[in-house]
Amino acid sequence: MTDKAASPNEQTEVLVLGGGPGGYTAAFRAADLGKQVILVERYPVLGGVCLNVGCIPSKALLHMAQIIHEAQEFAHHGVEFGHPQLDLDKIRSWKESVTKGLNTGLDSLIKQRKITLIQGSGHFISANEVQVESAEGTRVIRFDNAIIAAGSQPTKIPVFPNDDPRLWDSTDALNLQTIPEKLLIVGGGIIGLEMATVYHALGSKISIVELMDQIIPGCDKDLTRPLQNRIKKQYDNIWLETRVTAIESQEEGLKVSFEGSKAPETEVFNAVLVAVGRRPNGKKIGAENAGIEVNEQGFIPVDKQQRTNLPHIFAIGDIVGNPMLAHKAVYEGKIAAEVIAGHKAAFDAMTIPSVAYTDPEVAWMGLSENQAKEQGIEYDKGVFPWAASGRSLSMGRSEGMTKVLCEKGTGRIIGAGIVGPHAGDLIAEAVLALEMGADAEDIALSIHPHPTLSETLAFATEVVTGTITDLYLGKKR
């Protein structure tokens, strides 16, 4: 990462605070639209949490886990490999090479667009100035417009012994310094379950504790059920409706106390990963000095054009609210840059897809069944079980399903969910269908390649239209 020569006091048309996916996208788009841009990033590389200690390295490790699991499972089908020999140094090096390649690409894009990149920690000192503390000293940047993309950080629980190296957050887990014999994961959401997938493949005995009555709270239970049925055979424990009341550091491990009807009173683990969510960095950027509104949780409220309460200051990504997803931040970053450049842009996405890159993957978009019921929306549902899919069976996987929700009367797609291998890739067709106002017949009458997992979406819509032939549901039409 390189700085352009910069004076202690500078002026720019657009200042972007934070170089994660949302921040660098906003900077790139603003530069493409002819704006002079300064991008401030506190770390020595671009990409933020997602690229460096989040989405990208976790997906690299999840791919490794998938290879290990598939090799083990195909022993049942007549193809047997030896027990995997793990070289943690090589695995870490490979994981880091993936992120480094993307870092290098981003650095080239910065230079091609002639964006001034400053490594340092920035905070507002007025409504038109940010002070940056960097290795070269302190500098003040005056701006016409600013885009806040300062992200979030893992939630820590104060009563836990956070100075014990055996108590991890997601960054610690991705560092892959050791493989604990017994690993407890506090939080049965997406991050916790993804890390469980990785460490189970590496040989750890996994226990999960979740406060709610299901894993991946907020997702329909029928979508999470195939995942839960699979992992409960693999993991030591999945304790639902259970909380951790205390963690005590001991020489032999971390002694954990629980509260829940089916959980033990105490148990000792070699490591504990706390994955109970993230909190926004709104209270860490000196927002009060600029008069920027920040709520009690640390989120910065914005309108549909990503404007804060100050019309020349915008905010995007995790810091503006849930869901905290990189693809939402990227979408918002483009909007902010375009509004600054005078375009008539606004946040008008009809849905933001979510994916758990577990094994099997779980993906959903639009309305869930729970939300439709809560809002009193009448719908028709089509479900296609992957046990009837030739492609999934040829992969040795039959536990998946594809579900679509359609508005009753019109057939318009209002929601979809997929559980199974590659669900995260498959959900994009459903997103496009919802955005384009497609109905079940539009998808059912579109010829999908056979045999593929993608045709399960067509089959699910055929269930809605009553034209399904790959299942027998009785003579309806």
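This is a walk through some helices, aromatic pairs and backbone details of a predicted model.

Let's start near the beginning of the chain, with helix α1. This helix has 12 residues, running over residues 21-32, and at 1.5 Å a residue it should span 16 Å; its end C-alpha atoms are 16 Å apart, which agrees. Now look at its surroundings. Because 10 of the 12 residues are buried, α1 is largely enclosed by the rest of the structure. The buried ones are P21, G22, G23, Y24, T25, A26, A27, F28, A30 and A31. If you ask what covers them, the list includes the strands β1 (9-17), β2 (37-41) and β6 (137-148), along with the helices α2, α4 and α9 (326-340). Just after α1 comes G34, which takes a positive phi of about 90 degrees.

Helix α3 can be treated in the same way. Its 19 residues (55-73) should span 27 Å at 1.5 Å a residue, and with its end C-alpha atoms 26 Å apart, the model agrees. The buried residues here are P57, S58, A60, L61, L62, M64, A65, I68 and H69. Their cover includes α2 (48-53), α4 (88-112), α5 (170-175) and α6 (190-202).

Further along the chain, helix α14 (residues 455-465) holds T461. With a relative accessible area of 0%, T461 is buried. Which residues does T461 touch, once neighbours within four places in sequence are set aside? They are V404, I413, A440, I443 and A444.

Next, the aromatic rings. A pair of aromatic rings is described by the distance of the centres and the angle of the planes. The count in this model comes to seven aromatic pairs. In one of them, F124 and F143 have ring centres 6.0 Å apart and planes at 85 degrees; the angle is over 60 degrees, so the pair is edge-to-face. Since F124 sits in strand β4 (residues 121-126) and F143 in strand β6, the pair ties together parts that are 19 residues apart in sequence. Both partners are out of sight: F124 is buried at 0% relative accessibility, and F143 is buried with a relative accessible area of 1%.

The rings of F258 and F269 make another edge-to-face pair, because their planes stand at 80 degrees, with the centres 6.5 Å apart. This pair links distant parts of the chain, with F258 in strand β13 (residues 253-259) and F269 in strand β14 (residues 266-269), 11 residues apart. F258 and F269 are both buried, and together with W239 they form one aromatic cluster. F269 has a further partner: K182 lies over the face of its ring, at 5.1 Å from the ring centre.

Finally, some backbone details. Most residues other than glycine have a negative phi, and most peptide bonds are trans. The bond from N322 to P323 is cis, with omega near 0 degrees, and P323 is in the loop between β17 (313-315) and α9. D359 and P360 are also joined by a cis peptide bond, with omega about 5 degrees; P360 lies in the loop between β18 (354-356) and β19 (361-366).

As for phi, K114 has a positive value near 55 degrees and sits in the loop between α4 and β3 (116-119). I216 has a positive phi of about 50 degrees, in the loop between β10 (205-209) and α7 (221-234). Are these two residues buried or exposed? K114 is exposed, with a relative accessible area of 63%, whereas I216 is buried at 3% relative accessibility.

Notes
Residues numbered from 1 in each chain as written. Predicted model: local features only at pLDDT ≥ 70, side-chain atom pairs only at ≥ 80, totals over all residues. Heavy atoms only, no water. Helix = DSSP H or I, 4+ residues; strand = E, 2+ residues; numbered from the N terminus. Buried < 20%, exposed > 50% of the residue type's maximum accessible area, 1.4 Å probe, protein only. Contact = heavy atoms within 4.5 Å. Expected span 1.5 Å × (residues − 1). Phe/Tyr/Trp six-rings, centres within 6.5 Å; stacked < 30°, edge-to-face > 60°. Lys NZ or Arg CZ within 6 Å of the ring centre and 35° of its normal.
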